Amino acid sequence: MLIDQFGVIHDGQTHYPGTAQVLTELHRIGMPVAVMTNSGKRAESNRQRLVKMGVPRDHFVDAVSSGEVAFS
């Protein structure tokens, strides 16, 4: 499943109510989640941001960002 980062998972500061429960349920049923964003930052920065906001790292397979694509 592809899920956008800003405006869907979080507001830039904290994750939205219900986000943790949804990601936990997707993880429980074995649904791989890729977080995508048009952030100009590299993918690792976006992964770290999500984890810092309380999203368990094993609840998403990776983060894909515009910044990472541009770097490539």
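## A walk through the structure, starting at Leu23

Start by selecting Leu23, which sits in helix 1. Keep in mind as you click around that this is a predicted model. Is Leu23 buried or exposed? Its relative accessibility is 5%, and buried means under 20%, so Leu23 counts as buried. Now show what surrounds it: leaving aside neighbours within four places in sequence, Leu23 is in contact with Ile3, Val33, Val55 and His59. For a contrast, pick Gly12 as well. Leu23 and Gly12 are eleven residues apart in sequence, and their C-alpha atoms are 18 Å apart in space.

**Next, select helix 1**

Highlight residues 19-28, the whole of helix 1. Which residues of this helix are buried? They are Thr19, Leu23 and Leu26. These three cover an arc of only 60 degrees around the axis, which puts them on the same side of helix 1. Turn the view to the other side of the helix, and you'll find Gln21 and Arg28 exposed. Turn back again: strand 1 is included in what covers the buried residues of helix 1. Before you leave, click on Gly30, which follows helix 1 and has a positive phi, near 85 degrees.

**Now bring up the sheet**

Show the strands. You should see an open sheet of three strands in the order 1-2-3, with parallel pairing. Which strands stand at the edges? Strand 1 (2-4) and strand 3 do; each has a single partner strand, so one side of each is left without a neighbour in the sheet. From one strand to the next, the twist averages 30 degrees.

Zoom in on strand 1 and strand 2 (residues 34-37), which pair in the parallel sense over three bridges. Select Ile3 and look across to strand 2: Val35 stands opposite. Then add helix 2 to the view. Helix 2 lies across strand 2 and strand 3, and runs at about 130 degrees to strand 3.

**Stop at Ser65**

Ser65 is in strand 3. With a relative accessibility of 2%, Ser65 counts as buried. What is it in contact with, beyond its neighbours within four places in sequence? Light up Thr37, Ser39, Lys41, Arg42, Ala43 and Asn46.

**Over to His59**

Move to the loop between helix 2 (43-52) and strand 3 (62-65), where you'll find His59. Its relative accessible area is 10%, so His59 is buried. Not counting residues up to four places away in sequence, His59 touches Leu23, Thr24, His27 and Val33.

Show the side chains here to see two polar contacts. The side chain of His59 makes one with the side chain of Thr24 (3.4 Å), and another with the side chain of Asp58 (2.8 Å). Try a distance, too: His59 and Leu26 are 33 residues apart in sequence, yet 7.8 Å apart in space, C-alpha to C-alpha.

**Last stop: the core**

Select Val33. Not counting residues up to four places away in sequence, Val33 touches eight residues you can click through: Met1, Ile3, Leu23, Leu26, His59, Phe60, Val61 and Asp62.

Finally, colour the largest nonpolar core. How many residues does it have? Ten: Ile3, Ile9, Leu23, Leu26, Val33, Val35, Leu50, Val55, Phe60 and Ala63. In soluble globular proteins, nonpolar side chains tend to be buried together. Your starting point, Leu23, is one of the core's residues.

Conventions
Residues numbered from 1 in each chain as written. Predicted model: local features only at pLDDT ≥ 70, side-chain atom pairs only at ≥ 80, totals over all residues. Heavy atoms only, no water. Helix = DSSP H or I, 4+ residues; strand = E, 2+ residues; numbered from the N terminus. Buried < 20%, exposed > 50% of the residue type's maximum accessible area, 1.4 Å probe, protein only. Contact = heavy atoms within 4.5 Å. Polar contact = N/O pair within 3.5 Å; in protein donor to acceptor, adjacent residues only side chain to side chain. Core = buried A, V, L, I, M, F, W, Y, C linked by side-chain atoms within 4.5 Å. Pairing = 2+ DSSP bridges. Axes fitted to C-alpha atoms, helices over the stretch in contact; angles between N-to-C directions. Arc of directions from axis to C-beta.
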